[in-house]
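The exercises below are to be worked with the sequence and the coordinates open. Each task is followed by a solution in steps.

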Amino acid sequence: MQLPQAIQAYFEADRKNNCEALPACFAPSAAVHDEGRSYSGHYAIGNWWEWSKARYRHVAEPLEALTDEHGTKVIAKVTGEFPGSPANLTYVFRLMGDKIAALEIGA
């Protein structure tokens, strides 16, 4: 599957548990919305991701992707320590240049 570079880098950093590379995939003013909460900027996004990794010990594997005028929607199989694992989650990315400007994660 061919994903835009920033999105590919996001999933690669997630897979490798790389807490430095993951926030670098995002634009400085980027926002993430996950589990009913929002996180803005590199520091908050890095903290969100580290907290989520520690709590759920999850790994996301992209299964399919669709890009349209709203962004790139990726369906990923997420396996970890949470009820219902594994689960297919939807990641909706909006890009700004070569960085992620927004990410929304949902069921």
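**Exercise 1.** Does K53 count as buried or exposed? Find its salt-bridge partner as well.

*Solution.* The model is a predicted one.
Step 1. The cut-off for buried is under 20% relative accessible area. K53 has 9% relative accessibility, so K53 counts as buried.
Step 2. The side chain of K53 meets that of D14 in a salt bridge, with 3.2 Å from N to O.
Step 3. The two residues are 39 apart and belong to distant parts of the chain, K53 to helix α3 and D14 to helix α1.
Step 4. D14, at 1% relative accessibility, also counts as buried.

**Exercise 2.** Where do the buried residues of α3 lie around the axis? Begin by checking the span of the helix.

*Solution.*
Step 1. α3 has 16 residues, which at 1.5 Å a residue should span 22 Å; the end C-alpha atoms are 22 Å apart, so the two values agree.
Step 2. Listed as buried in α3 are G41, I45, G46, W48, W49, S52, K53 and Y56.
Step 3. Their arc around the axis is only 160 degrees, so they lie on the same side of α3.
Step 4. The elements they pack against are α1, α2, β1, β2, β3 and β6.
Step 5. After α3 comes R57, with a positive phi near 45 degrees.

**Exercise 3.** Which residues do W48 and W49 touch, leaving out those up to four places away in sequence?

*Solution.*
Step 1. For W48 the contacts are Y10, V32, D34, Y39, L103 and I105.
Step 2. W49, in helix α3, has as its contacts A13, D14, N17, N18, C19 and L22.
Step 3. W49 has a relative accessible area of 3% and is therefore buried.
Step 4. V32 is on the contact list of W48. From W49, V32 is 17 residues away along the chain, with 9.8 Å between the C-alpha atoms.

**Exercise 4.** Describe the largest nonpolar core: its most connected members and the elements that supply it.

*Solution.*
Step 1. The core has 28 residues, of which Y10, F11, F26, W48, Y91, F93 and L103 touch the most other members.
Step 2. Two or more residues each come from α1, β1, α3, β4, β5 and β6.
Step 3. α1 gives the largest share, 5 residues.

**Exercise 5.** How many salt bridges does the structure hold? Compare the surroundings of the pairs K16 with E12 and R57 with E81.

*Solution.*
Step 1. The count is 4.
Step 2. In the pair of K16 and E12, the closest N and O atoms are 3.1 Å apart. K16 is exposed, with a relative accessible area of 53%, while E12 is partly exposed at 26%.
Step 3. R57 and E81 form a salt bridge through their side chains, at 3.8 Å from N to O. R57 is in the loop between α3 and β3 and E81 in the loop between β4 and β5, so this pair ties together parts 24 residues apart in sequence.
Step 4. The cut-off for exposed is over 50%. R57, at 53% relative accessibility, is therefore exposed, and E81 is exposed at 53%.
Step 5. E12, R15 and K16 are joined into one network by salt bridges that share partners.

Key. Residues are numbered from 1 along each chain as its sequence is written. This is a predicted model: local features need pLDDT of at least 70, side-chain atom pairs count only at pLDDT 80 or more; totals for chains, interfaces and linings use all residues. Side-chain values use heavy atoms; hydrogens and water are left out. A nonpolar core is a set of buried Ala, Val, Leu, Ile, Met, Phe, Trp, Tyr and Cys residues joined through side-chain atoms within 4.5 Å. Buried means under 20% relative accessible area, exposed over 50%, partly exposed in between (1.4 Å probe, protein chains only). Helices (H or I, at least four residues) and strands (E, at least two) are DSSP runs, numbered from the N terminus. Contact means heavy atoms within 4.5 Å. The expected span of a helix is 1.5 Å times one less than its number of residues. The arc is that of the directions from the helix axis to the C-beta atoms.
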